[in-house]
Amino acid sequence: MTRRITRIDNGLPTEAWQQLGADIVARLHTLAEISDESGQLTRLYLGPAHKRAVALVSNWFETAGLETRVDATGSVVGRYGAQGDGGPVLILGSHIDTVRNAGLYDGNLGVVTALTVVERLSRAGVRLPFAIEVVAFGDEEGVRFASALGGSRALAGRFDPRLLDERDADGISRRAALEAFGCRPELIAAEARDPGRVLGYVEVHIEQGPVLEADGLAVGVVTAINGASRGRVGVRGESGHAGTVPMIMRRDALAAAAEMMLRLEALARAEADLVATVGRIEVAHGAVNTIPGFVSFTLDIRCPVDAARLDFIERLRRELSLIAEARCVSVQVDLPYDAPAVTSDAGLMARLGEAVERQAPPLRLLPSGAGHDAMAFGGRIPSVMLFVRCRGGISHNPDEFAALEDIDAGARVLLDFIVGLAVNS
Ligand code: HGY
Ligand code: MN
Ligand code: MN
């Protein structure tokens with residue numbers, strides 16, 4: 001027997017609201033045991049750990065009463081049907097892929113929170129005027145391939161087929177990795193959701209920054225997400241014998257790259273709200289007694305204002321060319337990944353804010369410096385995020401931590417938001 005919810009305060013049995021944090025934390029620890037590397041949490045897109053995590057999460061979704069499938073990009077999609085057919089759908093989710101040596105919460109918290117909240121509705125036998133899809137994306141971090149957000153962009157109808165030819169460090173294409181995972185890349189386009197049938201996308205995520213902790217708050221509603229550019233700089237000089245080539249005659253690619261990185265840092269420091277990072281550097285045929293001939297390093301540039309980010313990149317290209325010219329090396333800047341800044345949907349922010357005021361007051365609005373799957377939906381499907389306090393703002397680090405009571409608050413806010421949407425629909 002399914003019941004229709006009429007009011008938030010008595011819409012669900014008391015037990016639906018209890019132990020949410022404890023259930024979520026227990027699942028996060030179970031999920032965190034699935035890693036590509038022993039002794040640390042690394043779960044790269046379409047790798048062995050991702051495969052095992054998909055199996056575990058699929059089992060959780062099915063046990064919670066969701067119709068579950070793995071979509072054409074490897075995302076796990078669990079659907080909790082509506083009271084009747086043909087209604088709209090609310091999409092909840094986040095990602096289960098991680099960076100290398102990650103913490104438990106980045107991405108995984110949002111998936112497990114959404115699952116646990118919908119599981120409470122299912123246990124209470126409550127059906128809503130809309131369906132809910134819980135999605136565990138697998139390509140948010142973009143660590144294995146150059147581009148990110150492949151799963152969420154597929155749902156948003158924005159998956160660029162050229163991404164299928166991107167290759168990882170072992171030369172494996174995204175297409176081959178998807179097929180080896182059991183996916184059919186030719187079906188990705190069909191994963192696009194009809195924006196007219198989607199109420200919105202809502203993502204719970206650890207803040208990954210220090211703001212909520214500084215304000216002494218458990219949760220906050222995200223107003224906007226920084227835009228991002230990512231890619232790689234290649235510097236080509238001439239390799240040579242470290243003992244014989246006079247300094248003045250060298251075309252040292254690594255020394256040139258080092259000057260370029262310091263120039264990047266100085267330019268970024270001069271820009272309010274813009275951040276730039278070099279996360280990896282590779283020296284081709286590096287050896288202690290060889291002058292480096294070719295070096296490549298990654299670039300990650302973020303800013304809340306797209307025009308400022310793109311203008312910065314143009315200035316950076318000119319500056320790196322001047323350094324290359326002065327050092328008689330060549331430089332190539334490739335930035336294939338471009339994710340525009342996204343503002344949260346005002347209506348969803350208002351609804352989520354009301355839920356925060358009821359479950360974990362006071363309401364705090366804040367922007368996101370980190371990127372998220374929610375960015376993929378910008379301008380096509382309304383989206384909003386709820387941040388959960390992050391100890392010390394530490395993330396992309398095994399010391400990342402969110403307290404059980406804050407996780408519980410986040411889950412209660414999400415459950416209240418969903419019930420509120422049903423009551424007001
Ligand atoms: O890089 C980011 O901002 C996100 O954690 N993928
Ligand atoms: Mn994340
Ligand atoms: Mn991350």
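How much area does the protein chain expose, and what share of it do carbon and sulfur atoms supply? In this predicted model, the exposed area is about 17,700 Å², and 52% of it comes from carbon and sulfur atoms. The legends below start with the whole chain and then move in on single sites.

**Figure 1. The protein chain as a whole, with its ten helices and 16 strands.** The radius of gyration is 23 Å, close to the 22 Å given by the globule rule for 425 residues, so the protein chain is as compact as a globular protein of that length. Along the principal axes, the C-alpha atoms fill a box of roughly 85 × 45 × 40 Å. Buried residues account for 55% of the 425 residues. If you look at contacts between residues at least 6 apart in sequence, 79% of them join residues at least 24 apart. The chain carries 44 positive and 55 negative charges, and the mean positions of these two sets are 2 Å apart.

**Figure 2. The largest nonpolar core, which has 81 residues.** In soluble globular proteins, nonpolar side chains tend to be buried together. Here, the members that touch the most other members are I132, F417 and I418. Helix α10 (residues 404–423) gives this core its largest share, eleven residues. A second core, separate from this one, has 28 residues, among them V135, I225, M385 and F387.

**Figure 3. A closer look at I418 and the residues it touches.** Leaving aside residues up to four places away in sequence, I418 touches L90, L92, V117, L121, L128, F130 and I132. One of these partners, I132, is itself named with I418 among the residues that touch the most other members of the largest core.

**Figure 4. Q19, in the segment before α1 (20–32).** Is Q19 buried or exposed? Its relative accessibility is 54%, so Q19 counts as exposed. Q19 is not a glycine, yet its phi is positive, at about 65 degrees. Beyond residues up to four places away in sequence, Q19 touches R120 and D408. For a sense of scale, the C-alpha atoms of Q19 and R236 are separated by 57 Å, with their positions 217 residues apart along the chain.

**Figure 5. Q208, in the loop between β5 (198–206) and α6 (211–215).** Phi of Q208 is near 65 degrees, a positive value in a residue other than glycine. With a relative accessible area of 16%, Q208 is buried. The cut-off for buried is under 20%, so a value of 16% meets it. C390 touches Q208, and that residue is the subject of the next view.

**Figure 6. C390, in the loop between β16 (383–388) and α10.** C390 is buried, and its relative accessible area is 0%. Which residues does C390 touch, not counting those up to four places away in sequence? They are I206, E207, Q208, G209, E213 and F401. From C-alpha to C-alpha, C390 and L299 are 25 Å apart in space, and they are 91 residues apart in sequence.

**Figure 7. The cis peptide bond between P361 and P362.** Omega for this bond is about 0 degrees. P362 belongs to the loop between α9 (346–359) and β15 (365–368).

Methods. Residues numbered from 1 in each chain as written. Chains lettered and ligands numbered in written order. Predicted model: local features only at pLDDT ≥ 70, side-chain atom pairs only at ≥ 80, totals over all residues. Heavy atoms only, no water. Helix = DSSP H or I, 4+ residues; strand = E, 2+ residues; numbered from the N terminus. Rg over C-alpha atoms; globule rule 2.2 N^0.38 Å. Buried < 20%, exposed > 50% of the residue type's maximum accessible area, 1.4 Å probe, protein only. Contact = heavy atoms within 4.5 Å. Areas by Shrake-Rupley, 256 points an atom, 1.4 Å probe, with all protein chains shown as cover. Lys, Arg positive; Asp, Glu negative; His and termini not counted. Charge placed at Lys NZ, Arg CZ, Asp CG, Glu CD. Core = buried A, V, L, I, M, F, W, Y, C linked by side-chain atoms within 4.5 Å.
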